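Me: I've just started reading protein models and I'd like some help. Could you walk me through the one shown here?

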Amino acid sequence: MSLEQPGLRVIQVSKTYREAKRCVFSNVNFELGRSGRLALLGRNGQGKSTLIRMLGGILPPTTGRIEWNMTTSWPIGFAGGFQGSLSGLDNVRFLSRLYKRDYHETLERVDDFAELGKSLSEPVRHFSSGMRARLAFGLSLAIEFDCYLIDELVAVGDARFQRKCQEALFQHRAHRAFLMASHDTNLVAKYCDRAMIIESGKAKIFDDIGEAVEVYTWLRAA
Amino acid sequence: MSDPKQEFWLIIPPCADRDDWVATIKPLAKSAGFTVFSSAAEASKASPGKALILTRDANEPRQAGAASENLAVILSDAGPLLPEIDTASEPAPRHAAVRNASELILRGCAAYLERVFTADALRRAPAEIFPGLKLSGPALVAASDRNRALSEAFSVYAADQSFWGSEIFDINAKDVRHHDGQVVFDLTGRPRILIFGPYIVMPRGRWRAVVRLGFSAPTAKHRYRADWGTQELYTSYEFRPARDGMFQLEIEYEWDKPSASEFRLLLLEGAFDGEITFFGAEISKIA
């Protein structure tokens, strides 16, 4: 009998930006199961978004390896992957082809979820950051991934839309994996089963989510 | 006419090698003309002659009105913990064993200090503990670090001071490393009790604990509280080291009656990183 391979394996990963004197973090090691729910906690500027972008393939690690054995979304909350001169519809068409999905079905699902209506015909560069985030979220749900990377869910729309996002992610996709960077300790405590805290270049995994939230709360207050 | 009945008491408080002591004493006592009993009740039914009663508790001969020259207290240096209790992951039975053994040793030392025979002294030179009964200790057995440290800690009853090694305390941390009499542990985690123990019963009086702690830079910024006293009543002191290095903490508490001692170090804030080194505590009587 063989044990199931983890969906994600991060091995000795570090990141140092060019021109920077110090690394953002180093020796990051962790695994994520195919239905694992890992929170990324850390004060502003500690490298949560950097790590999420590295996991999403947007930034390369300086050292170490990231091994994916499941499909992963782009970082939700990050909308930098759109071609700005193309309309929302063209971006949906482009990504449908890229991920080998039916365009009409994908568009129907994006339109239903993102609630962007006629604005989808406009070039994406005319979208507000909230509209971009809604389009990115809608697309990532329409395409369906094994693992969702979430960089601060509060960036996506108003309170009603956020509730809709949480239902779509955490209830309708309850058995998918996700990795969520957030300052919202209630959200983290409710939906995650483990956490990684990044602080002063060090990253530590906490198997007890309650303990992680408590330690992070003290760090934030310090 | 048969000899009148004579009772002698041998007090051996709980210790890891108690069975070895009993096995050593029994044939020596028999050849010296004693009949050995393992309880006072058993001895009361015996016929006249020299009775040697083995007990753990000095209260028994005291209640029986035994004269001090007719009793002896044996102090083992193997420590109070049987291997299964010493190595168990559950600390409660160990705490109970330390409390029980120390209470009985204290009782023996307090009542009959001049009749205390230590294992070390008996091994160096056999002593005639009762007329005709010359005793030497059983062979030295390798004790665990914790048992050795507890045995050293119990010397507080005879000398009014002793060193309590880090091995006799419990550490509440994920990564704990003991070496060379000190313990290093990772502070990461929620606010909690970091160090606690050892539940050795202290005699009446004012006792000072001088505790040595090393703080790494990340741990020095946090707030801590040290408690020293009984489990219910204690002296507290809050502090923040503010810089890395080794610190000495002095804290006193007055016991108005013998009861189990506890030193606690509490972390009052959640901590992400860093290590603390605990070097143990010097315990001494002030008044």
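Reply: Sure, let's begin with domains, whose bounds come from an automatic or database domain assignment. For chain B, that assignment gives domain 1 (6-135) and domain 2 (160-285). The centres of domain 1 and domain 2 of chain B, taken over C-alpha atoms, are separated by 33 Å. One thing to know early: this is a predicted model, where local features need pLDDT of at least 70 and side-chain atom pairs count only at pLDDT 80 or more, while totals for chains, interfaces and linings use all residues. Residues are numbered from 1 along each chain as its sequence is written, and chains are lettered from A and ligands numbered from 1 in the order in which they are written.

Me: How many residues does each domain of chain B give to the contact?

Reply: Two residues are in contact if their C-beta atoms, placed from the backbone, lie within 7 Å. Here the contact takes 8 residues from domain 1 of chain B and 8 residues from domain 2 of chain B. The side of domain 1 of chain B that touches domain 2 of chain B has 4 nonpolar, 2 polar and 2 charged residues. In this sorting, Ala, Val, Leu, Ile, Met, Phe, Trp, Tyr, Cys and Pro count as nonpolar, Asp, Glu, Lys and Arg as charged, and the others, Gly among them, as polar.

Me: And what touches between the two chains, A and B?

Reply: There, 8 residues of chain B are in contact with 10 residues of chain A. On the chain B side, that's 2 nonpolar, 3 polar and 3 charged residues.

Me: How do I read a pair of helices?

Reply: Two packed helices are described by the angle between their axes and the distance between the axes. Helices (H or I, at least four residues) and strands (E, at least two) are DSSP runs, numbered from the N terminus. Axes are lines fitted to C-alpha atoms, for helices over the stretch in contact, and angles run from 0 to 180 degrees between N-to-C directions. Try helix 2 (residues 88-98) and helix 3 (residues 103-114) of chain A: their axes come within 9 Å and cross at roughly 130°. That makes helix 2 of chain A oblique to helix 3 of chain A (under 35 degrees is roughly parallel, over 145 roughly antiparallel, 65 to 115 roughly perpendicular, and the rest oblique). Among the residues making the contact are A:Leu89 and A:Val92 of helix 2 of chain A, and A:Tyr103 and A:Leu107 of helix 3 of chain A.

Me: What about sheets? In which order do the strands of the open, mixed sheet in chain A come?

Reply: Two strands pair if DSSP finds at least two bridges between them. The 6 strands of that open sheet in chain A follow the order 5-6-7-3-8-9. Strand 5 (72-76) and strand 9 (202-206) of chain A are the edge strands, each pairing on one side only. Strand 5 of chain A pairs with strand 6 (residues 147-151) of chain A in the parallel sense over 3 bridges, and A:Thr72 stands opposite A:Cys147. Helix 4 (residues 129-143) of chain A lies across strand 5 and strand 6 of chain A, at about 165° to strand 5 of chain A.

Me: Which strands stand at the edges of the 5-strand open sheet in chain B?

Reply: That antiparallel sheet has the order 9-12-17-14-15. Strand 9 (170-171) and strand 15 (234-239) of chain B stand at the edges with a single partner strand each, so one side of each is left without a neighbour in the sheet.
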